[in-house]
Amino acid sequence: MVTRTVDLRSDTVTKPTEAMRTAMANAEVDDDVLSHDPTARRLETEMARITGKEAALFVPSGTMGNLICVLTHCPIRGSEVILGDSCHIHIYENGGISTIGGVHPRTVKNNEDGTMDINQIEAAIRDPRFEICCPTTRLICLENSHAHSGGRCLSPEYIDQVGELAKKYGLKLHIDGARIFNASVALGVPVDRLVQAADSVSICLSKGLGAPVGTVIVGSETFIARARILRKTLGGGMRQVGVLCAAALIALQENVGKLEGDHKKAKTLAVGLNKIKGLNVDIDSVETNIVYCDILKSVNITETKLCKILEGHGILILPEGPFRIRMVLHHQISESDVHYTLSCMQQAVNGVHGKQDGK
């Protein structure tokens, strides 16, 4: 019988801490659709301060946050957004910018570090002289940290370059900053500096920060005023939402400081996995809290089978494609959990090797 659970499926799986539950129970609330919830106002004011933007808005999810930002920047159907071919908005958000907003995605290849080549972004911008045939480019989207690249971080210098390019062509820049605090800690750069060039940013509260629900989007006062209307249109206007925002305020106070530890544990896990015969991790790519591990075909075990074996030991991870698995560290994973995972992984892979050697 399994008595221990190590949940590495994502940093979204964290449970609210006792401090969060207490804050939620005691939250001062009012009707947020009417902009009267005081706890929501406190959270939004704090997030605007941290990011150096004029205003902020709490929304139920990161997917809705990105959708609202894209639609606010692209109010005309048939607008086009330039974004990475492996970014979260393009792959994991149900194509909402197209199905709901009528916005056309134009992808540029993401490099291994999550960037897109500046010259390729510029080449993707439509010539307005051909608007009779082509969509109109209105927006560029970046993601920081970049999840599909293993949590790699975009430098402020790179973001500034993209921001200058956007200004040159009269475009807006949106950053999907679901894990922007992870990037900030890893780079040693304040959040406001990382997003300085952006017209809007979405920041998830329920990933590394460990709040139970929610995302905050930030931008100018005019932008947030329009975003607030879209939030209502999309069904994201909630009433006594201070109950949720109270937990997010605790997350900001208590968990930002724990991110560095999460990154160290991710590196420990990556180094340990790389020592197991039959597994391979690009250790240099582990900059934050995400670890991708490749299973060598010589092991003769699929990612699905390996995940199933580990589940039997209480270790939950996600398959990420053929012969690849993903693990995400968070503040509720201990050093002991990391070493337990490595031990079970060694047993699982060695067990397969042992069976092969015994043939």
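The second largest pocket of this predicted model is lined by 13 residues, and those nearest its centre are S10, H88, R179, K207 and R326. Its volume is about 210 Å³. Sorted by class, the lining comprises five charged, four polar and four nonpolar residues. Domain 1 (18-254) and domain 2 (258-352) each supply at least three residues to the lining of this second largest pocket.

The largest pocket holds about 310 Å³ of space. Its lining counts 17 residues, with E112, H148, S149, G150 and R324 nearest the centre. Seven of the lining residues are polar, five are charged and five are nonpolar. The element that gives the most to this lining is strand 10 (residues 290-295), with four residues. Where does the largest pocket lie with respect to domain 1 (18-254) and domain 2 (258-352)? Both domains contribute residues to its lining, so the largest pocket lies between them.

Apart from the pockets, the structure has two cavities of 30 Å³ or more. The largest cavity encloses about 40 Å³. Around it are G84, C87, N110, G114, M116, C141, L142, E143, H146 and L154. This lining divides into five nonpolar residues, four polar residues and one charged residue. Strand 5 (residues 136-143) gives the most to it, with three residues.

The second largest cavity has a volume of about 30 Å³. Its lining consists of A178, R179, I180, F181, N182, C204, K207, G208 and L209. Five of these residues are nonpolar, two are polar and two are charged. Helix 8 (residues 180-187) provides the largest share, three residues. R179 and K207 line this cavity, and both are also among the residues nearest the centre of the second largest pocket.

The cavity linings also share residues with the nonpolar interior. L142, from the lining of the largest cavity, and F181, from the lining of the second largest cavity, are among the residues that touch the most other members of the largest nonpolar core. That core has 54 residues, and L43, M47 and L205 belong to the same group of best-connected members. Helix 11 (residues 242-254) gives the most to this core, with nine residues. Beyond its neighbours within four places in sequence, F181 is in contact with M47, I50, V191, I203, L209, L252, V256 and L259. One of these contacts, L209, lines the second largest cavity along with F181.

A second core, separate from the largest one, has 30 residues, including V6, L8, I276 and A348.

Methods: Residues numbered from 1 in each chain as written. Predicted model: local features only at pLDDT ≥ 70, side-chain atom pairs only at ≥ 80, totals over all residues. Heavy atoms only, no water. 1 Å grid on protein atoms, 1.4 Å probe; cavity = no way out; pocket = protein on both sides within 12 Å on 5 of 7 lines; lining within 4 Å. Points joined across faces, edges and corners; volume = space filled by probe spheres on them. Helix = DSSP H or I, 4+ residues; strand = E, 2+ residues; numbered from the N terminus. Nonpolar A, V, L, I, M, F, W, Y, C, P; charged D, E, K, R; others polar. Domains from an automatic or database assignment. Core = buried A, V, L, I, M, F, W, Y, C linked by side-chain atoms within 4.5 Å. Buried < 20%, exposed > 50% of the residue type's maximum accessible area, 1.4 Å probe, protein only. Contact = heavy atoms within 4.5 Å.
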